[in-house]
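Me: I'm new to reading structures, and I keep tripping over the vocabulary. Can we go through the terms one by one, with the reasons behind them?

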Amino acid sequence: MFDAMERLNREQRAAVEHLGGPLLVVAGAGSGKTWTLACRVANLVDRGIPPERILLLTFTRRAAREMLSRAERLTGDRALGRVWGGTFHATANRLLRLHGGALGLSPGFTVLDRTDTADLMDLIRGELGFGQGERRFPRKDTLADVYSRTVNGRTKLAEVLEREYPWCAEEVEHIRSIFERYTERKRAQSALDYDDLLLFWDALCRHPAAGPAISELFDHILVDEYQDTNPLQADILASLRPEGDGLMVVGDDAQAIYAFRSATVANILQFPSRFPGTTIVKLERNYRSTRPILEATNAVIALSPQRHEKTLWTERSGGPLPSLLTCIDERDQADAVCRSILDHRERGTPLREQAVLFRAGHHSDVLEVELTRRNIPFVKYGGLKFLESAHVKDALAVLRIADNPRDEVSWFRVLQLLDHVGPAGARRVMAAIGVSAPGDPMTRFLEQAIAVPAPARAELEGLREAFGDLAVGSAPPAAQVERVRRFLEPLLRRRYDQPEPRLRDLEQLEQLAIGFESRARFVTDLTLDPPVSTSDLAGPPHLDEDYVILSTIHSAKGGEWDVVHVIHAADGMIPSDMSTGDPDQLEEERRLLYVALTRARDELHVLFPLRYHRSNRGYEDRHWYAQLTRFLPEEVRNRFSLETTYVDASDERPGAPSPDATASGVDALLAGLWSD
DNA sequence: AATATCCGTATTTTT
DNA sequence: TACGGATATT
């Protein structure tokens with residue numbers, strides 16, 4: 001511990017040793033923030049604070065684990081496992097299961113994820129008959145979005161609609177009634193959505209009896225990535241620590257990338273005025289990147305019209321300029337990345353110390369194919385659709401009903417799996433067994449005669465048997481998933497052309513369930529801490545294996561690698577063309593690129609394909625030409641070494657249409673004139 | 001009347 | 001690929 005303290009710089013040490021009033025640490029990219037937080041935790045424990053009286057709020061559970069294991073290594077103290085570490089949501093879940101009774105909350109509540117929220121809203125929209133007329137009515141995902149923005153931003157519904165969704169602002173009354181019913185239904189089913197977890201935590205803090213008890217639990221509260229918290233989360237902190245004593249927040253307004261989730265940099269900017277007497281510490285020395293890389297990233301963020309009041313500096317002079325590599329198309333880009341990765345490995349950088357970053361999950365599709373073809377192992381973070389795939393949700397819905405037979409959304413989903421049972425049939429069955437009536441709907445489902453179309457009868461029996469077995473309830477969660485899989489297998493085979501990959505997903509779900517203490521715990525943990533990487537899903541880990549990291553930029557937050565490749569640096573990708581309309585969103589995209597570039601320690605490669613192929617169906621070789629991202633204008637490009645994958649013969653630029661492409665373009669046009 | 005099936009379209013990021 | 005809308009089928 002003493003050694004570690006010696007290695008801290010003056011500002012870091014101030015942050016570690018500060019005691020008493022509120023503390024704001026403004027920590028630039030690569031300024032040793034994680035290290036500082038870990039030292040602070042270790043230091044607090046060294047001073048005699050019991051670990052279980054420290055609350056460490058991080059952005060992901062992974063970040064909390066990482067920080068606590070570093071702190072453990074510092075103190076050699078295993079007790080650090082007792083620190084309350086995790087996300088706001090996971091912490092809310094834990095606190096509410098222990099103390100939610102004060103608010104009339106059942107300790108067995110279920111947690112609705114985003115798609116569950118959307119499905120329940122859709123169910124209600126269907127009942128109320130909205131959206132069937134001529135007028136455009138928001139889809140279920142939009143409804144869930146509006147709801148979350150309203151709640152998280154603590155903004156009036158009408159205002160949110162006016163500002164963010166003007167095209168459906170006229171529907172405010174209908175939307176309001178959907179939200180009202182949605183709330184009633186959640187309560188009746190004792191279900192909490194993501195936003196409820198925070199709202200109930202906040203309410204618990206304000207509760208006359210429970211509030212003080214909750215605040216009493218902690219001597220110190222440390223919050224990481226504070227720039228990406230929302231107003232509700234800031235309110236919770238204020239409720240827990242009205243004077244800010246023992247409260248420390250760390251963040252960087254230049255790295256705020258979650259406004260789409262209602263996060264606001266106002267939290268970090270207004271922290272000192274919200275908590276008078278705040279001590280501010282700025283960490284401006286960058287330990288991560290070489291000077292050429294730092295100069296390039298500083299140049300990128302300098303173009304942001306918003307003020308970021310710090311300038312990062314480093315003593316790591318030397319090292320190559322970052323490169324900006326223009327490629328012909330996506331295949332060429334994938335090829336160039338592979339060659340670069342192998343080249344770096346030849347020169348001594350293992351694959352694990354190399355990452356490829358991109359804006360959206362599917363941006364790595366072509367690259368993944370190429371890596372696989374060349375036998376380069378990789379693990380992908382972010383952009384996973386595992387829990388969103390229909391069959392995985394089906395399996396989870398069965399498990400959830402077993403735990404909470406009043407769960408309407410899950411019944412509605414599971415019943416429609418039966419042959420010739422659609423929305424109407426499912427509603428009939430649900431009414432017959434009284435899903436929301438007093439008593440136990442499961443008993444009624446198992447014992448009553450239920451009318452379903454003839455083709456569904458055998459499958460209904462199968463479902464009953466499955467629920468019968470699950471009701472016994474003592475089997476390990478993995479065995480229960482296996483039981484559900486046995487029920488679903490014939491249904492999936494009937495429903496899908498290619499059931500095998502889906503069945504394999506269910507086997508993975510079974511793997512994930514291994515080791516969980518209970519079925520309920522498994523289902524809740526999965527919604528609050530879903531698998532974030534392909535390695536999470538790959539079964540037993542091969543720890544000694546070397547692999548490249550592929551990651552969305554969002555999931556790369558907090559990460560750092562010796563060599564970083566940023567691909568698809570094209571307008572329309574970064575910034576995403578979904579975000580180019582609104583200046584604030586555009587600035588968020590700029591910060592996103594900044595976050596990506598600042599992950600690099602020694603070498604940074606930015607890649608940009610000139611040409612994108614459109615749709616794989618239809619006429620071949622349809623494509624469009626991309627522009628380099630607007631965030632790398634001339635004055636920033638000067639900080640890069642400019643390279644191309646091709647020889648730039650001036651009259652045969654690969655960027656220009658080849659004769660072939662032109663011919664097939666004409667053919668396509670002609671064919672379009674007479675085919676229908 | 002309800003369900004199955006086909007087709008076109010749009011597709012970010014995540015607790 | 002998944003969803004919504006339209007049409008075909010039971």
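Me: What makes β1 and strand β7 (residues 247-251) a parallel pair?

Reply: Two strands pair if DSSP finds at least two bridges between them. Four bridges join β1 to β7, and the two run parallel, so they pass the pairing cut-off of at least two bridges. One of those links has Leu24 facing its bridge partner Val249 in β7. By the way, this is a predicted model, where local features need pLDDT of at least 70, side-chain atom pairs count only at pLDDT 80 or more, and totals for chains, interfaces and linings use all residues. Residues are numbered from 1 along each chain as its sequence is written, chains are lettered from A and ligands numbered from 1 in the order in which they are written, and side-chain values use heavy atoms, with hydrogens and water left out.

Me: Which other strand pairs with β1 in the parallel sense?

Reply: That's strand β8 (residues 279-283), over five bridges. Here Val25 stands opposite Val281. "Strand" itself is a DSSP label: an E run of at least two residues, while helices are H or I runs of at least four, and both are numbered from the N terminus.

Me: Why is strand β1 (residues 23-27) called largely enclosed?

Reply: Buried means under 20% relative accessible area (1.4 Å probe, protein chains only), against over 50% for exposed and in between for partly exposed. Five of the five residues of β1 are buried, so the rest of the structure largely encloses the strand. Leu23, Val25 and Ala27 are buried on one side, and Leu24 and Val26 on the other. In a regular strand, side chains alternate between the two faces of the sheet.

Me: How do you know which residues surround DNA strand B?

Reply: A residue is near a strand if one of its heavy atoms lies within 4 Å of it. There are 28 around DNA strand B, and the closest are Arg261, Arg359, Gly361, His420 and Gly425. Sugar and phosphate make up 56% of the strand's atoms that come within 4 Å of the protein. Helix α20 (residues 423-433) gives the most to this surface, with three residues.

Me: What makes the Ser555 link to a phosphate oxygen of DNA strand B a polar contact?

Reply: The test is a pair of N or O atoms within 3.5 Å; within protein, one must be able to donate a hydrogen and the other to accept it, and sequence neighbours count only if both atoms are side-chain atoms. A polar side-chain atom of Ser555 lies 3.0 Å from that oxygen. His420 uses a backbone N or O atom instead, 2.6 Å from a phosphate oxygen.
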